[in-house]
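Got your viewer open? Let's take a short walk through this model, one selection at a time.

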Amino acid sequence: MNSAIRRLAVAAIILMLALMANSTYLQAFRAGDLNGRNDNRRVRDSQFSVNRGPILVGSVPIAQSKPSNDRFVFQRTYPQNIAEAYAPVTGYYSYLFGRAGIELSQNSELNGSDPSMAFRRVVDVITDRRQQGASVTLTLNAAAQIAAYNGLAGKTGAVVALEPKTGKVLAMVSRPSYDPNQLAGHDLNKVAANWKKLTEDKSRPMSNRAIKELYPPGSTFKLVTAAAALSSGKYNPQTQVRSPAELDLPQTTVKLPNENGKNCGGSDNATLTVALRNSCNTAFGSIGLDLGPDALRDQAEKFGFGERQLPELGAAASQFPTDPNAPQTAQSAIGQFDVRATPLQMAMVSAGIANGGNVMKPYLVQNIKTVDLKTVSETKPESLHQAVSPEVANQLTQMMIDVVQNGTGKPGQIKDVQVAGKTGTAQTTPDKPPFAWFTAFAPANDPKIAVAVMIEDANVPRNDIAGGALAAPIAKAVMEAVLGQ
Amino acid sequence: MSIASTSVIQIMPRTRRGVELMLLIIAIGVSVGAYVNIGLTVQDKVPASTGYYAAGIGLLALIAHLALRYRAPYADPVLLPCAVLLNGLGVAMIHRIDLGLEAIAIANNRTPKSPAAPQQITWTAVGIVLFLVVVLVIRDHRRLQALTYTAGLAGLVLLVLPLIPGLGVNLNGARIWIRLAGMSFQPGEFAKLCLVIFFAGYLVVKRDVLTLAGHRFLGLDLPRARDLGPIGVAWLVSLGVLVFESDLGSSLLFFGLFLFLLYVSTERAGWLIIGGLLFVGGAFFAYSAIGHVHKRITDWLDPFSIDGGQIAVGLMGQAWGGVLGRGLGQGRPELTLYANSDMIISSFAEELGLTGLIAIILIYTLIIERGLRTALGCRDIFGKLVATGLAMSFALQVFVIVGGVTGLIPLTGLATPFMALGGTSLVANWAIIALLLRISDQARRPQTPAAPVSDETIAMAVQKQ
């Protein structure tokens, strides 16, 4: 009997070892996965109770944690008067609905759990201090951001401004916007009600139109077509381009008309400069037919089309259609058909031209610092592509200056500053108002800012919509805000 | 000359009661320390109830110790401290979860439920009283053999009690509770004890028949078909428990116990194989025919399929604990459903981490192995079988519940011995430990020494030759 009992003793030990082995797997190896789950209340609660670092613009917090007297210890707040202006960038920090924007992309730094702060956490544990997150300083320019936000008042649209030499995002605004405080509250029933209201709002206040949505870029895309033309070697700014009132599109009976129904500058032929000045559809349509879709797509991709910029914020990739036929190519050359771009992308086109053809990778986070001001990381500017040669960039700049001085971009003029820009009015469906665009940079000889403004809906009569009239004044205000400093 | 060359295990006839006292003091110290630690962490003060708790656990443990000194001086010195430590830690954790649930209730403007820890201390006292009764009244465990069939009948009655309308209640999908005079009992916990005595008594009588001639098949000695009777009955009864009371854990426990005892008494591995096949058959039947068993298994395979499922939340708690744990009072065990009963192991894993959980499993392992050692040393077959049965009931129970909570096997609602909130289980476990100690006293007690043989006698014997 004893041998049987001994065998049972061994069996019992094996059972217990199995328990220990399984628990070891669970608690030592699988724990990371489980702790990363969205429905993990423990992790969420504990993060909600951390003294989360602030998000700064300059030295001003646009999101910060303040002590609260309830179970979460800290309350995330966004300064009342500017919260909506910054909402597309900060995002929200919600117990029930997770995080968005910088709150999401820099979460581990803000709550101090990032591996780069492991040493600091050990020190905190030893000294019995509460874990405190790092501060995230953004590249945004407060004046530009507020100017853009105010400029879009009452409209549906977005503004993106970049520093051409570095790729720093100076402004990123989307309207209508929302107040992230409504989602960060500790009264969870109220938060849930607010969320429902925001997500059901037809004006989609939580959508970040600056980077997450794609729009036909319309005539602003002519900058890309012009860049392709100049880069091809077949064109220079003085090259005569066919520019009748209507362009016969091959293989169809459809004609591509100019916006005003007239030919370009009084003749059926115009120089490239004049064609851009007057934003002639027929001229750029025929350039597109001449160059072919591959050259256009190639040029667009060098400006960043087809890639996700700021992927950490969930930005969309701008698109040039894959295989357009001839009439579609002519349409694409003027930013219609299936060409789709984000406001950020069009700002990058201007910024690339402003920066001698070198498109810089856009970024929003300037640096991350711990509470005792030790730098955890600092973003270095990075070149994305050389979109055009410096010579072509210079030619394009001169043509864009001409647009603002003599052409459709006049509303973008700034006193004593040379502005280079391009307007756009993009048609979608007949039942929707066209999109008004303006992209520009200034000063033209030493660019400090490149900007793109897109207006989806401005509540004005259809005939009054034009990029120059609607969007250019906003771009001007944003540029002035930066240059005035 | 070689008198010592026997295969009998020699256990030094030393009482070791002093060792037990030292271990007890450590166990009480750890328990009270845990209690105070929880108060300091959660409420920033030594809990006012510390005195009540320390006196409760300490006095009860010391009374049990004195009873052993008085009536079972040779009993195993490790079992009592292990049980006290588990019981003490369990109460501390139940208190900790009381505090957590209270905070949640206050945050949601609800009146907190009355705390469960004082209740558990009261049940500990009842358990120790039963412990004393077993140690003091049952002077020799062999007398229990006379109760074989009485125990078997009692066990069956206890098993079916919850099925009686008006008496049994359905709780959390299982009908294993009865409600009497406003209090709830889980009669299955005592059925376990009764059935072990019945199995042991029955097998002592029948082991020869069962060991005798069978067929050899594939190198195995299989018993004759008609001898398969008892195992068939055990299988059917355990399946009945499963079907009618929806109690997966208990049916596994009863069937497993009978199988183990059958194996020990006959030493035939064939029984284990037949039993294993029957178990697989029963399990497959249960999986395909019984809804809640099916659900238990699908929950186990994909615990995250249901939002906020009990197992999933428990697993996340254990993951949150990690290797070293959040620290007592610093986790959120109260977020898990039944954190202080079914899921108490998960609560410990969260706050004490993998390290603490392994320590707890090791304490259980110690109890199991000490119990089996008692069986090895026991001189009568009945005692051997009872000790094996009781020790293996711990092994099965710990494996089933800890395995369920940690996601190794499907979760079944067995109580975690000595730790989980629940009076019946606690009291029954104290009775089981008492019986094990009683048998171990018998096993370790020096045999009545033979009359000393003097050198003179030997010399005379040699001379006569």
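Start by colouring the two chains differently: 35 residues of chain A are in contact with 51 residues of chain B. Keep in mind that you're looking at a predicted model. Together the two chains bury about 3,800 Å² between them, and carbon and sulfur atoms give 70% of that. Now select Met1(A), Gln27(A) and Arg42(A): this trio supplies 24% of the area that chain A buries against chain B, more than any other three residues.

Next, look for charges. Between chain A and chain B the count is two salt bridges. For one of them, show Asp45(A) and Arg332(B), whose closest N and O atoms are 2.5 Å apart. There are also 15 residue pairs in polar contact between chain A and chain B, counting pairs with both residues at pLDDT 80 or more.

Which helices of chain A should you highlight on the side that touches chain B? Try α1 (2-29), α2 (31-35) and α3 (41-48), each of which supplies at least two residues there. The most comes from α1(A), with 21 residues. Colour that side of chain A by class and you'll get 17 nonpolar, nine polar and nine charged residues.

Last stop: Ser94(A), in strand β4 (residues 93-94) of chain A. Is Ser94(A) buried or exposed? It counts as buried, because its relative accessibility is 3%, under the 20% cut-off. Leaving out residues up to four places away in sequence, Ser94(A) touches Phe48(A), Leu183(A) and Val191(A). Zoom in on Leu183(A): its backbone oxygen lies 3.1 Å from a polar atom of the Ser94(A) side chain.

Terms used
Residues are numbered from 1 along each chain as its sequence is written. Chains are lettered from A and ligands numbered from 1 in the order in which they are written. Side-chain values use heavy atoms; hydrogens and water are left out. Helices (H or I, at least four residues) and strands (E, at least two) are DSSP runs, numbered from the N terminus. Buried means under 20% relative accessible area, exposed over 50%, partly exposed in between (1.4 Å probe, protein chains only). Contact means heavy atoms within 4.5 Å. A polar contact is a pair of N or O atoms within 3.5 Å; within protein, one must be able to donate a hydrogen and the other to accept it, and residues adjacent in sequence count only if both atoms are side-chain atoms. Buried area is the accessible area (1.4 Å probe) that two parts lose on being put together, summed over both. A salt bridge is a side-chain nitrogen of Lys or Arg within 4 Å of a carboxyl oxygen of Asp or Glu. Ala, Val, Leu, Ile, Met, Phe, Trp, Tyr, Cys and Pro count as nonpolar, Asp, Glu, Lys and Arg as charged, and the others, Gly among them, as polar.
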